[in-house]
Each structure stands twice: as C-alpha cells, then as structure tokens.
Amino acid sequence: MIKLDKGKPKVINIGLESFAADLLSQGAEVISVAWKPPLNIDKRWTELIERSRDKIEAANTKALEIINAGRPVLVGMGIAGDVIPGMHKNLILHAGPPITWEKMCGPMHGAIIGALLYEGRAKTPEEAEELAASGTIDYAPCHEHGCTGPMAGIISPSMPVFIIKNEAYGNYTYATQNEGLGKVLRYGAYSEEVIVRLKWMETVLYPVLSKAIKFLGTINLQGLIAQALHMGDEVHNRNRAGTSLLIRQLAPAILKTSVDAEQSAAVLDFINGNDHFFLNLSMPACKAALDPARNIPGSSIAVVMARNGTEFGVQLSAMGDRWFTGPALVPDALYFPGYSKADANPDIGDSAITETGGLGGFAIAAAPAIVQFVGGTAKDALSYTLSMYEICFGESSSYQIPALDFRGTPLGIDVVKVIENNLSPVIDTGVAHKNPGVGQVGAGVVKAPFEPFIKAYQALAESFDNYKE
Amino acid sequence: MNTLAKTISGKYLDSVKLMLISKELRSLKGVEDAVAITATKENKEILAATGMLVPDAEAASETEIVIVIKAADEETAKAAMQKATSLVENPPAPVSGIISSEVRNLAKAIEILPEANLCLISVAGKYAAAEAEKALDKGLHVMLFSDNVSLEDELALKHKALKKGLLMMGPDCGTAIINGLPLAFANNVPTGNIGIVSASGTGLQDITCGIANRGCGITQAFGTGGRDGKKEIGGIMLKACLQYLMDDTDTEVIVLMGKTPAPEVLNELMRLIKQTHKPVIVNFLKQIELPELPNLQSSVSLAETAELACQACKKPYTEIDSPVYKIPTLPQNRKYIRGLYSGGTLCQEAILIYKRLFGAEPFSNVGAKLLAEGWHTQEDSYIDMGSDEFTVGRPHPMIDYSLRLKKLSEEAADKQVGVILLDVVLGYGAHPDPASELVPVLQKFPGEICIVCHVLGTDADPQDRQKQIAALRECGVYAFTSHANAVDFSLKTLMKNRENV
C-alpha cells in the first residue's frame, strides 16, 4: 500500500537542473544534487572495505591522533650530504614518486642539469645532461629520504637544507632554502644566474641563517603556520604572512650573530623579497607531522601526495612505502601573459604535502587574497574548503579557518571517502613551463587524478582479503 | 600588426586580477596578444620573453600597470585598449558559482532537507537505477525520468518500493502531479476530485489539461513509466496507484490510461476496479474488449477521456473551446498530410484516428507501417520526433524546436504536402515560448499549406496559453486545444482535397 503524506512534496532533484528551477519557481522546497557519474569500482573491493569499516575507523582514529599530536619545529640547518639519511655524492633527490631519467619531464631535466653544474660535476649543460643520463647518477624521491622539494624538488649533496624535528615523535625532515621567483632551479632553469644564486645561498644565506637559528635554538613552525592562517595564508600558494612572521623571529638573531652588516642586510633583503620563502618550511613541517602516522594497519589515510611532473603519487598509512601512481594532470590555472595551458607542464612538486597535512587548497578559505585561483569569490574558497571536509577523516587541532568560526582545517585525506564521494583533493599549485629553463608560467588549483586513489583503495581492500584472523 | 601600449599609475590591482583581465582581453576578436601587468623588473622580463616589452612598457616604473595590446588592425587595438583601461580602472566583480553546490550526493541533500519525501531522478540511464535504489532505501518516493533502465532493475525497484509503501514512478516517467505539485514535464492543473494513473507521459499531460480546461481538477496524476503494464513488470505501479486512488477519500473519479496492458495485468486491474464504486474511465489507446462493469467506461480518445472524467464528477463543467474554422481548399497537387509530433501518445492517437478513417495506417516511425528512415517522409507520414532516433545527443523536441523547425520547412517545401499537423506542448519542462520559435518559420510558408496545431496546456501554465494560441492563429495556423478536434480538422481538410480530384 502506498502511503503518501499530504502537502506538496519536498523534492531532492538528481539530474536536470531545469527541473529543480521549475519546482523553485512554483515555490516548492527542492534541493539539487551536484551529481556526477560514480567511479567505476569493482564490487568485490567495495564489499571488502564495507566489511572492514570498524577496523578502518579505529586505525584512522589512531593515525589522526598521531598527526594532530605532532609538533614540528625548525632545529637547525646542514649540508644535504651530511644530514639527509642515505644521501651520497652520486645521489640526486627529486619531487614525487620514483622516476627514471628517461621519463622525467622538461623542468626536472633542467633542474638536474642545473644541480650537476652547481655541484661542479659538469662544465656545460651538455656535459651535465650526458652525466645525468649516464647511469652514474642515482635518482630517488625526496620523500624516501625524509625530504620534500617544491616543483622539481631537486636536492643535490652540497645544498644546504633546513632540519625540522617533530618533537612529539623525534622524527626529522629536510628541505632546501627557497630561491624565490623568476629563473630558478625548481622550475627547471639552469642559466648562470641560477647557479650564481644557488652558490650565494650556500655561501652567504646558509651560514647567516644557520647561525641565527642556532642562536634561537628552535623555531616553532606549527605556531607560525597557525598564525599565518589567521593572517591570510594557506602556506602553499600564499606564504606572505608566514615569511613575514619568520623574518620577525630571524631578524634580531641575524643582527646578533652575523659579523658582516652587508651580508645580514642581503640575507634579510633576500627573504623579504621572496614571499614563498616560508613554503620550504611549511612543507617539511607537514611531512614531519605526517610521517609518524605511517604503517598503521588498516588506516586509509594518505600520508603523502606528490608529483614528479609525469606522475602523481600517493602513499597510504596502511600500505608502507608503496606508491600508488597515475598520470599527473595539467593544471587549469591562470596563466602569465604570453602563456597558455599548451605551455604548461603536468602538475609537479612535493608541495601537495601541505594539502595532505590539511593546509594549502584544503585551507584556501583562510586565504581570501588568492580566491581568484578558485573562481573569484570568498564563497568559492569556502566551498573548496568545505568540500574537503567530506574526504577527510577529521580536523586539525592546530590549524584553523577564521571564516569558519575557527573550525579546524580538514585533515587526514581518507582514500575511502575520496572514492565513495567521488571527490578528489584540490591542490593549490604553481605551473611550470614544460620546457626546461623557462620557469613559472601560471598558478592555480588542480584536482588530484583519481587513478592513484583507486589503486590505493584496491590495495587497501585486498589487504583485508589477505588478512585472516 | 598594430601594437598599442599604455601606462596607468596610481592604481593597484593584484596579479591575479590582472591575469584575469589579460585573459579577457586576449579573448577579444582580432586581438593577437594582450597583457595588463604591473611593471616590475620580473614582469618586464616576462614581457621581453614574449616580445611584448615595447618602449612604453620598458619606461614604466615598478608601481605602474602597463597594458600592451597586439591586434590585427589599429581599430581593434584601440577598442581593446579602451576595454582594457576600463577593466583596470573598474575591475570586474568576482564571478561566483564555479562550484555549483556542496551537495554531492543524496545523503548530503537529506541532511539539508530532512523533510524531503520525493526524489526526482534524471541522470543517464546506466546510473539511474542505483540512484533510485538509494532514494527508496532512504524512504523517498521516486520519480525516475531517465530511460534506458533494464527491465530487471525496474522490477527490483518497484518491488522494493511496494514493500516500503513508496511510489516508484518510471523509469521513463516524464509527467506526474503529486499533491498539486507538477513534476518534470507537467502542467499547472487545479486541485479537484479526479485521480489519474497513467503509463503514458503525454497522455497524462493531455488528460490533465483537458480536465483543467473544462474547469475540473485532480487529486493526483501518477505516472508509472511506459512498461509497467508489460507482463515482466506485471503492472505493479498501475495496480498500486489504482488502489491508492480507490482508497483516497479525496478522489471521486479515477482515470486509468496507458498502452494496452498484458492480459494478466489487465485482468488484475479489472478485478480491482470491480472492488470500487468510484467511476473509472480507462483509455488503453486502442479498442479492446473489457468486462461489463457498472462503474467502468472506456475511450480511446484523450479528449473524450477527459470529457468522461468531468462528466463523472457530477458537477457543472465548461465546454472546451472549440473554434469553428472553415475547411480550406488546397491546390490539387497538395494531397498529403505530414504529422510532426513531440508527444508520443499524441502521435499514436493521430495514427489511430487516421487508420479508423482510411482503414490503413499512414507511414510513421512508430506504427505498423514504418518509414524506411524516420527522417524521410513519404505520402501520408507521421513522425514522433520525441522517439530515441531523434533525441540522441540533443534535447527533447518539447524543449528544443530546432530539429522540428528544420523538418517543418522541409515539408512545406514539398509541393505535394497540403496539411501539416503538429503539437505544441506547454507547461513546466517545456520550451518557455514555443510561438516565438514557430511563428518566424511558419510566416514564410506558402499560404496554400494548411498548418494544424494542437496546443496542449492550461491557462495557468508559465507560457501563457492564450498568447501562444493567438500568436499561432495570427500567422494562419489552425490552432486547437483538443487533440481530437485538431486531428479531425486536419483529416477533413485532406478529404476535401481528395474528393475534389
């Protein structure tokens, strides 16, 4: 027997929007679902995941507790070859999942050529390219050596790096000093000015900063990021507040520890002139907080999202060091004059670690100054952040969105929710020219491709199949 | 190539805004390249790299905005520069709506509207059943507009709905009016005491409008989807809705319509009808043998079905507006009729009436005498342009008139065609102003063609029915508000022409 309540129906509309518009015009109550075709997921996996919900929930609760308990601080600086675990003279670290020289994109090739010139391993770009392809040089992902690198993410043995410690768990992470904008190594440029700047960063910037940090003892990065979010940063595409806050801490220490006033001024000028200086601290800070949440059996939380300009890679808490990859997408960005999507390299860089840590695109509602990247209004930015709560297991207990009444940022990308909601993470990003040496051609947001998440979901499901109690 | 440059000082715009402005400028016709940018050192390098660093730009200071435009001719460049200047001086307001909604799934929608009790689904067929199942699981009545859903899925959905006491209207259900709310393709019909259950969408629309236009009203208009009466589905929803109307105290008269159901379904429907004292009018779109029941009447005409229902209300009702036109005389050579329909049931009814008159069916894309190709009419032909062959990859002809207008022009150009018969469907879901599409085309037709049109709708419909009719009559169309009358007139015109031979 059909039971039908009196009164005009209240309608949920899935499909043609004009139907909802007609209903609205009649004063009916109607909600339209922004529907899109579901992902094609094998039923077997879905059932395995369904069966294991309690286990996943418990594992994720534990993982999120660990991430939220993290306390990343800047403890000092050092030379990559001395401090990064496993670093050796023939090793070059790069952004994203593992990749061979042959498969690397233009900007990564350019950055490696630049790094070999900088290291003095070659005298000309041609020589460097030959060496790079010769097999003498080993390549490995930054993430496999405790590092994160923006864009091409190249770290060679002589480069100075920041050392970040998660004081709650005792783990360390590393990142180079940010070079600024324009012709820079991370975008694949290797001209003389690039190498000269890198040398200056090694011989002037690094010693000055290193002494100042030693003088300060530690710098609480978590505190700086939390404040920066209240000041309009999301610490991925906007780092103006974070950089400013850092300078307030560093400046007195530099003046106290540096003997050369010219050098002190040059260092402060350099940082002041580079809004993104703080990015190379927000990234390793996120990694430091995420790394202890690795290897929790059953946890569906992503601990790494990283791109090498060819592939997009994801690592899952439950799945150890396994990479789940798929082709990286070309960002739908705002392009600098004279450039278009046709010039753009597919998405590149380890900087998506900020989104993995609940910042960047996930916190874009905190950064009204850059809402043009997501459609133009503060409301658009809010929608982006709000939608990310739907794919996260929880919220950050340290980082907040003022515009959401200081709600914690969405934290703990849950691959099960990504698949079930058919919603992929949004990542703020800079866009590199596809050819080496050209540099940045735009900026915007990019949606992570689904393929790595589908593969991670499958692997997680199968891990429950193999698991016999 | 014309290059123009300009410097604007004392104005600050962030780089993203400037990028958006540059993007807009580049999209202007005739503009080869364009940029609005703050003249910093780095930006000048970018300009140099792209060949845009003209002397004016080079001379600009760090805080100034430079605009450089390259265009095919001077006029274009000047116009673009003017636009650029105004955009920089008065930057565009942010565009909203990139993200249409935070509601990505049914669960979220229910969270926001917990009192929701009906789900209207019109996603592509292969996903539709899954969505409908979710909605039923959440306790929502379902109207499934989508087609291309398998019979197995339809059966499973209807079983599930029945178990939960829910409506499962469709798949392929285009029309319903529930508690006075028109859904999808439906008309504004007053509330009254006639309850309808129909397996035909346009049939339901035509009958509800016929009732409204006679001054009566309805309780419910349930759609079941065209296959409900098939043996495989067993008339699950036809029976359930009929039962509902029998039990419903507001419903005093019942109309049951659709393609003739399978014999076993028909038997069960008749058994149900036997259990009620309420008058029931059935229309199975063709003459069939029905048991003699005191409360049962049948008709094969949509207009008559509405008329009978109104009569059964035992209240005074108004006669439907029936214009008296003089039958036109057509040139001898214009001896054929072409029906170009958007409503499937109307097309079938027209074919049926034709067959009753001439003893044989006309050519059509839906009847027994199939056109070799739906598009290529010959002799007397009726086309249902709402059938799949015409709607793949384009909107339904009730919404998008372009294909029908094209076909109309083709038919009018055929010197053997004397009568063109068409329907214009009004109401929600349909084109907002069909006359505005039809009139400019029909005006160009030679006066010797007779255009007959059935206007389906009510005066309360958003299109303003009287205005639509007046506009059509204005350009010589023989417009009717009863399909039977329209068909009758078209055939009389055809007969007159043939008798003259």
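Reader: How many salt bridges does a search of the whole structure find?

Author: Over all chains, the search finds 38 salt bridges. Keep in mind that this is a predicted model.

Reader: What makes the contact of A:Lys10 and B:Glu115 a salt bridge?

Author: The cut-off asks for a side-chain nitrogen of Lys or Arg within 4 Å of a carboxyl oxygen of Asp or Glu. The side chains of A:Lys10 and B:Glu115 meet at 3.9 Å, N to O, so the pair qualifies as a salt bridge.

Reader: And why is this pair said to join two chains?

Author: A:Lys10 sits in the segment before β1 (11-14) of chain A, while B:Glu115 belongs to the loop between α5 (106-112) and β4 (118-121) of chain B, so the salt bridge links two chains.

Reader: Why are A:Lys10 and B:Glu115 called partly exposed?

Author: Buried means under 20% relative accessible area and exposed means over 50%, with partly exposed in between. A:Lys10 has 25% and B:Glu115 has 42%, so both values fall in that middle range.

Reader: What separates B:Glu74 and B:Lys78 along their helix?

Author: About one helical turn, because they are four residues apart in helix α4 (residues 74-89) of chain B. Their side chains meet in a salt bridge at 3.4 Å, N to O, which satisfies the limit of 4 Å. B:Glu74, with a relative accessible area of 42%, is partly exposed, and B:Lys78, with 49%, is partly exposed too.

Reader: How do you know that B:Glu411 and B:Arg338 form a salt bridge?

Author: Their side chains meet at 2.6 Å, N to O, and a salt bridge needs a distance within 4 Å, so the pair meets the definition. B:Glu411 lies in helix α14 (residues 402-413) of chain B and B:Arg338 in strand β14 (residues 336-341) of chain B, so this salt bridge ties together parts that are 73 residues apart in sequence.

Reader: Are B:Glu411 and B:Arg338 buried or exposed, and what makes them so?

Author: B:Glu411 is buried, with a relative accessible area of 2%, and B:Arg338 is buried with 2% as well. The cut-off for buried is under 20%, so the label fits. Salt bridges that share partners also join B:Arg338, B:Lys407, B:Glu410, B:Glu411 and B:Asp414 into one network.

Reader: Which residues form a negative surface patch in chain A?

Author: A:Glu126, A:Glu127, A:Glu129 and A:Glu130 form the patch. Glu counts as negative, so the patch is called negative.

Reader: How do you know that A:Glu126 is exposed?

Author: Its relative accessibility is 56%, and exposed means over 50%, so A:Glu126 earns the word. A:Glu126 lies in helix α6 (residues 125-133) of chain A.

Reader: Why does A:Gly376 count as buried?

Author: A:Gly376 has 7% relative accessibility, and buried means under 20%, so the name applies. A:Gly376 is found in the loop between α12 (353-356) and α13 (378-389) of chain A. A:Gly376 and A:Val446 are 70 residues apart in sequence and 15 Å apart in space, C-alpha to C-alpha.

Reader: Into which domains is each chain divided?

Author: Chain A has domain 1 (1-34), domain 2 (43-63 + 294-466) and domain 3 (72-285). The C-alpha centres of domain 1 and domain 2 of chain A lie 34 Å apart. Chain B has domain 1 (2-89), domain 2 (106-312) and domain 3 (336-499). For domain 1 and domain 3 of chain B, the C-alpha centres lie 55 Å apart.

Conventions. Residues numbered from 1 in each chain as written. Chains lettered and ligands numbered in written order. Predicted model: local features only at pLDDT ≥ 70, side-chain atom pairs only at ≥ 80, totals over all residues. Heavy atoms only, no water. Domains from an automatic or database assignment. Patch = residues over 30% accessible without salt bridge, like charges linked within 9 Å, V, L, I, M, F, W, Y side chains within 5 Å. Areas by Shrake-Rupley, 256 points an atom, 1.4 Å probe, with all protein chains shown as cover. Charge placed at Lys NZ, Arg CZ, Asp CG, Glu CD. Buried < 20%, exposed > 50% of the residue type's maximum accessible area, 1.4 Å probe, protein only.
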